[in-house]
Structure formats: C-alpha cells, structure tokens
Amino acid sequence: METMMLLVLVASSVLSVFFLRKLLSSSPKEMEAIPGSLGLPVVGESFSFISAFSSPSGIFNFMKERQERYGKVFKSYVLGRFTVFMTGREASKILLTGKDGMVSLNLFYTGQQVLGPTSLLQTTGDAHKRLRRLIAEPLSVDGLKKYFNFISTLAVDTLEQWPAKKKVLVLEEASTFTLKVIGNMIMSLEPMGEEQEKFRSNFKTISSSFASLPFNLPGTAFYEGIKARDSMYEMLDSTIANRRSAESSHQDFLESLIMKHTKSGDGKGDDQENKLTDQQLKDNILTLLVAGHDTTTAALTWTMKFLAENPQVLEKLREEHRLILVKRSDGATLSWSEVNNMPYTNKVINETLRRATILPWYSRKAAQDFEIDGYQIKKGWSVNLDVVSIHHDPQVFPDPEKFDPTRFDAPLRPYSYLGFGNGPRMCPGINLAKLEICIFIHHLVTKYKWTPLEKDGSVQPTLVRMPKNKYPVFVESL
Ligand code: HEM
Ligand SMILES: *[C@@H]1O[C@H](CO)[C@@H](O)[C@H](O)[C@H]1NC(C)=O
C-alpha cells in the first residue's frame with residue numbers, strides 16, 4: 001500500500017510536467033506570498049506527509065509543526081500538487097460554504113475519469129443543487145425506512161458467524177456488511193450469490209483505481225478500474241432494462257430514480273428538469289457507492305476499536321441498549337422507533353468521527369480569486385481544509401486525545417465539528433451511515449463481547465483512514 005502511494009505521488013509529479021499549463025496556474029512563484037515550504041524538487045514534502053499520514057495520529061503532527069511555524073494558512077507540495085492548507089472555523093466556513101461558487105471539489109485525475117463527468121462530485125452550482133435534490137429523498141430518514149429490516153437481519157446474521165472464528169478481521173467484515181447493504185438498497189441485490197460476487201469484485205477494483213497511477217495501459221489499476229466500471233454499468237443497464245419491461249416492482253433506489261427521474265428519449269414532456277439520463281443515473285449511483293462504502297466501513301471499525309479501548313464508554317452504551325431490551329415485549333426484535341431513539345449511541349458515533357477524522361482534509365479548487373486571513377488565493381489553486389486540527393482544537397475539545405462522547409451533550413458552535421462536513425456539500429449519506437452503525441452496534445453490544453488481538457495503532461495510507469491491521473478481534477457471546 002505504501003509503495004502504491006509513493007508510486008502515485010512520483011507519477012503525479014511526472015504527470016504535472018505533462019500538464020504544464022495546469023502546473024503554471026499554481027506555480028511556486030505565484031505562491032511566494034504564502035508562508036510555508038515546498039520541500040524538495042519533484043517530491044516536495046510528500047515523504048513527510050505520507051509518513052505522518054500512516055502514523056497513529058495521522059497528519060496531525062505534520063499540520064501542527066507547520067501551523068506553529070507559519071500560522072493557519074501555509075503552502076506545501078504534497079501528492080503531486082502545490083497546495084495551500086488552512087484550518088480553523090473561519091477557513092472552514094469560507095471553504096465549505098463555497099459562496100458564489102468560490103470553490104469546487106478537487107478530485108484526483110483518475111477519480112475524475114472513473115466516476116464520469118455527470119457525477120455529483122464533478123458538478124457545481126445549480127447542476128449540483130439539482131442532483132442533490134434528486135438523491136435527497138431516498139436517503140432521507142423516511143426514505144430509508146424500507147431498508148431497515150434488511151439491514152437489521154443482515155447485521156444479526158453477520159454477527160452470528162463471529163464467535164465461531166478464531167480471529168475476526170473487523171474491517172473486512174464491516175466492508176462486506178456495508179457493501180451488501182448498499183447493493184440491496186441500490187438494486188435489490190441478494191446478500192449471497194453470483195450477482196453479489198460480481199458486484200463486489202467490480203467494486204473492489206473500481207475502489208483501488210480511485211487514486212491510482214494515471215496511466216491507462218492494460219494491467220494498471222487505472223485501466224482495470226475503468227474496465228470494472230464498465231462492467232458495473234452493464235449490470236446497472238440490464239437491471240434498468242428489466243425494470244422498464246417487467247411488471248414487477250422493487251423498492252430500491254434504482255426503481256425510485258427510474259420512476260421519477262428518467263428522461264424520455266425525445267427530451268420533451270413535462271418536468272424534464274427533474275429527470276436524469278441513464279448516464280447521469282449510473283454515474284451518480286457509482287458516486288454514492290464510492291463515497292459511502294469505505295467511509296462507513298471505517299466508521300464502524302473505529303467505533304468498535306474506540307469502544308474496546310474505553311470500557312466505561314462501552315458500559316454506558318450497553319446500558320442504553322439494555323434499557324431498549326427491557327422495554328421491549330418478549331420475542332420482538334429491534335424496531336424502527338427504537339433505532340431512532342439512541343441518543344448516547346449517536347454521541348459515540350460523532351465522537352468516533354472526531355477522534356478518527358477518517359477524511360483528514362477536505363479538498364477544494366479555487367474557482368476564482370479570493371482572500372483568506374489576509375492571503376490572496378488565486379483561481380485554480382488547490383486548497384485543503386485541515387480537519388484534523390479543527391477536531392483536535394483544545395479550546396473546543398478539551399483534552400482532545402480523550403474519547404469522550406459527552407462532549408456532544410451540548411450543541412457545538414457551527415464549523416467546529418465536521419464529521420460529515422458542512423454546507424452545500426455536506427454528506428448526503430449521513431442518515432444511512434448512522435442507521436447502519438446504530439443497528440449493528442445494537443446487536444453487537446447486546447449479545448457479544450470482543451477482545452482485540454493486536455495492539456498496533458498504525459493506519460493505512462489510503463484516502464480514508466482505517467486501521468492498518470484491519471482490527472483483528474476475538475469474539476464471544478455474552
Ligand atoms: C460514516 C460514514 C460517512 C462519513 C464519515 C462521511 C463523510 C463525508 C464528508 C466529510 C463529506 C464532505 C466532504 C467535503 O466537504 O469535501 C461527504 C460527502 C459525501 N458523502 Fe459521505 N460520509 C459517510 C457516508 C456516506 C454514505 C453512506 C454515502 C452514500 C450513500 C455518502 C455519500 C457522500 C457523497 C455523495 C458526498 C459528496 C456530496 C457532494 O459533493 O455534494 N457518504 N461525506
Ligand atoms: C452529531 O453531529 C451532527 C453533525 O455532523 C449533528 O447534526 C448532530 O446533532 C450530532 N449528534 C449528537 C448526538 O451530538
């Protein structure tokens with residue numbers, strides 16, 4: 001994995017030379033007025049960045065060192081980009097609100113190619129707003145209700161397998177669980193069988209191409225990613241065609257988007273504004289998969305890890321769930337109203353996302369010139385919000401290393417906690433992610449206990465922070 005990341009950055013540096021014009025739009029000379037160091041030629045500060053990246057505390061120390069030296073805004077050259085890092089509530093308000101189209105999302109080149117031009121992640125302004133509106137309903141709390149039974153049954157079935165194993169790799173189990181959930185939501189995929197396997201293998205290949213070498217040659221991760229994407233789109237095409245011809249109706253995401261939002265061939269008819277072409281439909285279903293899978297997998301894994309490391313928190317969490325059991329009539333299983341009334345569990349989730357900060361920085365591209373903290377940012381520059389420092393600000397979170405869900409007892413000031421982001425690009429999957437975690441945690445803490453098998457705190461050097469050893473545990477029934 002490390003070698004891969006290193007290759008990526010070397011390749012991106014090479015690539016930068018190919019895209020000289022792009023490079024010039026944020027050249028070191030233009031950035032002269034911004035404090036900071038661009039490090040060594042070609043690789044810049046990438047080596048120290050990557051080594052910080054995979055340490056237990058992540059990029060925190062990298063950021064802290066530079067913020068102490070230069071202040072809240074500084075420049076660097078990492079992962080093939082000249083970039084400006086910023087932190088603090090003011091910067092997050094400016095960057096995340098993105099008022100007047102000041103900034104747009106800043107994806108890696110390969111990610112852009114794999115996701116397709118009509119992906120939510122590649123649109124801005126009104127087109128972005130419109131796509132957000134279209135996906136909001138199926139991802140709303142009410143829209144998710146119909147998947148509740150599937151998710152709860154799958155969580156029970158997954159957990160039942162655990163005590164029989166010598167070693168449970170939580171990260172892998174969480175990954176399988178969340179992928180089965182989203183496959184069922186999107187197109188009613190059964191949790192077992194050939195289609196599920198195909199879906200899974202395509203997705204894995206797409207996922208590992210997302211920040212890969214930008215060379216589209218047979219055998220490269222990028223090439224395989226595009227191929228897997230096309231194969232995934234064929235699966236979606238045939239499901240869409242079936243849905244259109246068959247009488248049968250399904251209760252899934254695809255159905256709801258097809259029913260409401262398919263553009264008719266002639267482009268006429270009423271309400272065309274609110275309809276999607278098949279291409280837009282597919283690009284955005286893939287976008288939800290890519291944005292939602294690793295994040296939820298990581299969140300679930302970190303939650304279990306922090307709980308095991310903090311027995312008092314685990315005990316308090318168990319109390320909340322035992323009380324649910326006590327109030328429930330005999331023979332009944334977890335219900336929709338119960339899952340929507342787990343206040344302490346929600347604080348545990350927020351605290352997990354604060355401590356782990358699984359997306360350590362949010363990346364934007366300046367869409368026009370603007371000023372921040374007295375510094376001029378020029379159109380085209382890459383700007384990153386350092387979220388780790390925001391989440392470890394001792395003024396807002398005293399003793400920031402401590403895992404303490406009661407921090408969320410009282411509401412926090414806006415932009416001081418960014419677990420799901422904020423503003424027009426705030427995570428649209430927040431309800432789904434929380435639903436999956438609440439359900440899983442309920443069945444877990446009421447029936448099982450787990451013991452970690454290793455004490456390694458290292459983190460994978462991938463875009464989403466996850467325990468490098470996949471968090472191996474031993475599980476027993478209570
Ligand atoms: C615990 C799990 C999750 C976490 C921590 C998380 C976190 C985030 C954050 C921080 C952002 C904003 C990034 C930025 O401003 O640059 C974001 C955006 C996004 N998330 Fe999530 N997410 C999670 C789960 C999901 C799920 C389950 C889905 C889909 C079903 C999803 C879909 C998306 C999409 C599509 C965006 C981009 C929104 C846009 O650009 O308008 N996420 N997520
Ligand atoms: C958790 O954080 C979200 C913002 O991401 C906030 O809306 C919510 O109220 C928080 N929940 C709790 C229980 O603090």
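Cysteine 427 counts as partly exposed because 18 C-beta neighbours lie inside 10 Å, a number that falls between the 12 or fewer of an exposed residue and the 20 or more of a buried one. The model in which this count is made is a predicted one. Along the chain, cysteine 427 is found in the loop between helix 18 (387-391) and helix 19, and, when residues up to four places away in sequence are not counted, cysteine 427 touches Phe420 and Gly421. The UniProt record, in an unreviewed entry, lists Cys427 under "binding site".

The surroundings of ligand 1 bring this residue back into view. Of the 25 residues around ligand 1, those that come nearest are Ala291, Gly292, Gly421, Cys427 and Gly429, so that Gly421, which is in contact with cysteine 427, appears in this group as well. The elements that give two or more residues to the shell are helix 14 (278-309) and helix 19 (430-447), and helix 14 gives the most, with seven residues. Sorted by class, the shell around ligand 1 holds 16 nonpolar residues, together with seven polar and two charged ones.

A further part of the model is an open sheet, which three strands form in the order 4-10-9 with antiparallel pairing. Strand 4 (168-169) and strand 9 (448-452) are the edge strands, each of them pairing on one side only. Strand 4 is joined by two bridges to strand 10 (residues 472-477), and the two run antiparallel; within this pairing, valine 168 has valine 473 of strand 10 as its bridge partner.

Notes
Residues are numbered from 1 along each chain as its sequence is written. Chains are lettered from A and ligands numbered from 1 in the order in which they are written. This is a predicted model: local features need pLDDT of at least 70, side-chain atom pairs count only at pLDDT 80 or more; totals for chains, interfaces and linings use all residues. Two strands pair if DSSP finds at least two bridges between them. Helices (H or I, at least four residues) and strands (E, at least two) are DSSP runs, numbered from the N terminus. A residue is near a molecule or strand if its C-beta atom, placed from the backbone, lies within 6 Å of it. Ala, Val, Leu, Ile, Met, Phe, Trp, Tyr, Cys and Pro count as nonpolar, Asp, Glu, Lys and Arg as charged, and the others, Gly among them, as polar. UniProt positions are given in the numbering used here, feature names are shortened, and annotations may be inferred rather than shown by experiment. Two residues are in contact if their C-beta atoms, placed from the backbone, lie within 7 Å.
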